[in-house]
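Welcome! Here are some short exercises to help you find your way around a protein model, each with a worked solution. Have a look at the structure first, then try each task before reading on.

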Amino acid sequence: MQFGKGKPSAGAFFDSDFSTLDSVLALALLHGLQGKNDCRVAIVTMSRPNLAAAGFTDMVERYYRGPAGNFAQVPPIGMRTSGDPGVTSPAFTEPFALKKTDGTPQFMNHVKLVRDTGDPNTLFRNYLEAQYDKNGFFILAGPATNLAAALEFRGMKELIATKTNYLVAACNIEADVASAKKVFAEWPTPIYLVDAAISFPGASIERDFVTANPEHPVIAAYRALKPAPSEVPAPAMVATLYAARPKEGYFKVSDPGTIVIQNDGHAAFTPSPRGNHYRLTADTEKRDKVVQTWVELASAKPVLPQRFRPPAADEKKDDKKPDTPVK
């Protein structure tokens with residue numbers, strides 16, 4: 001249970017396969033949003049058994065949690081231990097070869113063995129139980145493998161419904177069609193599916209991230225890509241920004257409906273007033289504002305997480321009142 005004065009910001013449950021730079025940028029954005037008290041990073045989980053990617057993700061988490069970060073303060077990365085490990089991007093391995101001027105490693109890898117990671121289902125259960133009711137959300141930025149498996153875990157569906165408000169999905173449906181079918185058919189909260197093609201400017205990484213900290217792990221990951229992309233397609237960043245700030249009007253939200261995942265991976269949307277699914281698309285007039293917001297938040301210097309925030313006026317009246325997304 002969360003103890004303290006006032007209800008904390010909503011807990012963010014971030015799941016990805018961490019196969020692209022977009023997922024790392026989304027994680028940086030999530031911590032930037034945490035620094036503004038828009039959310040709290042609860043746990044980060046990975047949907048493929050890839051220790052190298054898990055080690056890099058863990059290092060990014062430790063960077064944002066502060067130099068004292070260890071498994072007592074930073075939850076282990078939840079890593080799936082079965083399936084295809086996939087391709088390992090040099091963005092997740094080459095940064096560990098970098099040295100400081102004194103010859104010591106610039107970044108430390110604390111994930112060497114499977115036991116250095118956590119079981120996703122166990123982490124989901126434990127951290128969901130620690131949330132206030134209706135004070136959390138899920139972000140899916142990869143295959144739906146972990147979330148589909150969670151729905152099979154005893155009592156998890158009810159726990160998700162009780163503790164969270166919605167799922168925002170920028171998922172790679174084709175990578176695991178069966179799991180996507182299950183999630184869209186059975187997930188117990190509203191789902192917002194990202195269908196917005198917005199990219200993050202690579203020049204910002206060399207400019208704004210370097211200004212914040214020349215030894216930022218995102219810079220190292222970006223420079224490891226040869227050639228470094230001028231733009232990074234960023235559906236995971238769309239999902240993250242909407243999940244933490246659903247009332248800001250950054251994107252267009254469809255009327256309710258039902259999304260059915262077809263055998264070829266196509267997401268078929270049928271409008272229905274009784275539906276629990278929504279399509280999230282780009283607003284041309286807000287595109288520049290979205291990118292500017294991404295840059296400001298993702299490149300911000302780490303702010304140590306604050307477990308609690310002062311209660312707002314409406315929370316003093318009703319501490320259990322959930323924040324709901326704009327429909």
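## Exercise 1: Two helices that cross

Helix α3 passes helix α5 in a left-handed crossing. This is a predicted model, and your task is to find which residues of α3 and α5 make the contact.

**Solution.** Start with α3, where the contact is made by Asn121, Phe124, Arg125, Leu128 and Glu129. Then turn to α5, which contributes Met156, Leu159, Ile160 and Lys163.

Next, work out how the pair is arranged. α3 covers residues 120-129 and α5 covers residues 156-163; their axes come within 10 Å and cross at roughly 40°. Angles under 35 degrees would count as roughly parallel, so α3 and α5 are oblique to each other.

## Exercise 2: A second pair to set beside it

Decide how α1 and α2 lie relative to each other, and say which residues meet.

**Solution.** First take the geometry: α1 (residues 21-35) packs on α2 at an angle of about 20°, and the axes are 11 Å apart. With angles under 35 degrees counted as roughly parallel, α1 and α2 are therefore roughly parallel to each other.

Now the handedness: α1 passes α2 in a right-handed crossing. Finally, look at the residues in the contact. From α1 come Val24, Leu27, Ala28 and His31; from α2 come Phe56, Thr57, Val60, Glu61, Tyr64 and Arg65.

## Exercise 3: Following α2 from end to end

Trace α2, describing its start, its body and what comes just after it.

**Solution.** Begin at the N-terminal end, which Asn50 caps: one of its side-chain oxygens lies 3.2 Å from the backbone nitrogen of Ala52.

Move along the body. α2 runs over residues 51-65, and its 15 residues reach 21 Å from first C-alpha to last, close to the 21 Å expected at 1.5 Å a residue. The helix is mostly covered, with 13 of its 15 residues buried.

Just after α2 you meet Gly66, with a positive phi of about 105°.

## Exercise 4: Two neighbours in α9

Are Ala239 and Thr240 buried or exposed, and what do they touch?

**Solution.** Locate them first: Thr240 is in helix α9 (residues 235-244), and Ala239 is in α9 too.

Then check accessibility. Buried means under 20% relative accessible area. Ala239 has 0% relative accessibility, so Ala239 counts as buried. Thr240 is also at 0%, and therefore buried.

Now list the contacts, leaving aside residues up to four places away in sequence. Ala239 touches Ile139, Val168, Ala170 and Val194. Thr240 touches Phe14, Ala26, Leu29, Leu30, Leu33 and Ile139. The side chain of Thr240 also reaches the backbone oxygen of Ala236 at 2.8 Å.

One last distance: Ala239 and Ala141 are 98 residues apart in sequence, yet their C-alpha atoms are 7.7 Å apart in space.

## Exercise 5: What surrounds α10?

Name the buried residues of α10 and the elements they pack against.

**Solution.** Helix α10 spans residues 287-298. Its buried residues are Val290, Val291, Thr293, Trp294, Val295, Leu297 and Ala298. These pack against α1, α2, β7 (199-201), α7 (202-212), α9 and β9 (251-253).

To finish, step back to the whole protein. Its secondary structure comes to 11 helices and 12 strands, and 54% of its 327 residues count as buried.

Key
Residues are numbered from 1 along each chain as its sequence is written. This is a predicted model: local features need pLDDT of at least 70, side-chain atom pairs count only at pLDDT 80 or more; totals for chains, interfaces and linings use all residues. Side-chain values use heavy atoms; hydrogens and water are left out. Helices (H or I, at least four residues) and strands (E, at least two) are DSSP runs, numbered from the N terminus. The expected span of a helix is 1.5 Å times one less than its number of residues. Buried means under 20% relative accessible area, exposed over 50%, partly exposed in between (1.4 Å probe, protein chains only). A polar contact is a pair of N or O atoms within 3.5 Å; within protein, one must be able to donate a hydrogen and the other to accept it, and residues adjacent in sequence count only if both atoms are side-chain atoms. Axes are lines fitted to C-alpha atoms, for helices over the stretch in contact, and angles run from 0 to 180 degrees between N-to-C directions. Angles under 35 degrees count as roughly parallel, over 145 as roughly antiparallel, 65 to 115 as roughly perpendicular and the rest as oblique. A crossing is left-handed if the near helix is turned anticlockwise from the far one by less than a right angle, and right-handed if clockwise. Contact means heavy atoms within 4.5 Å.
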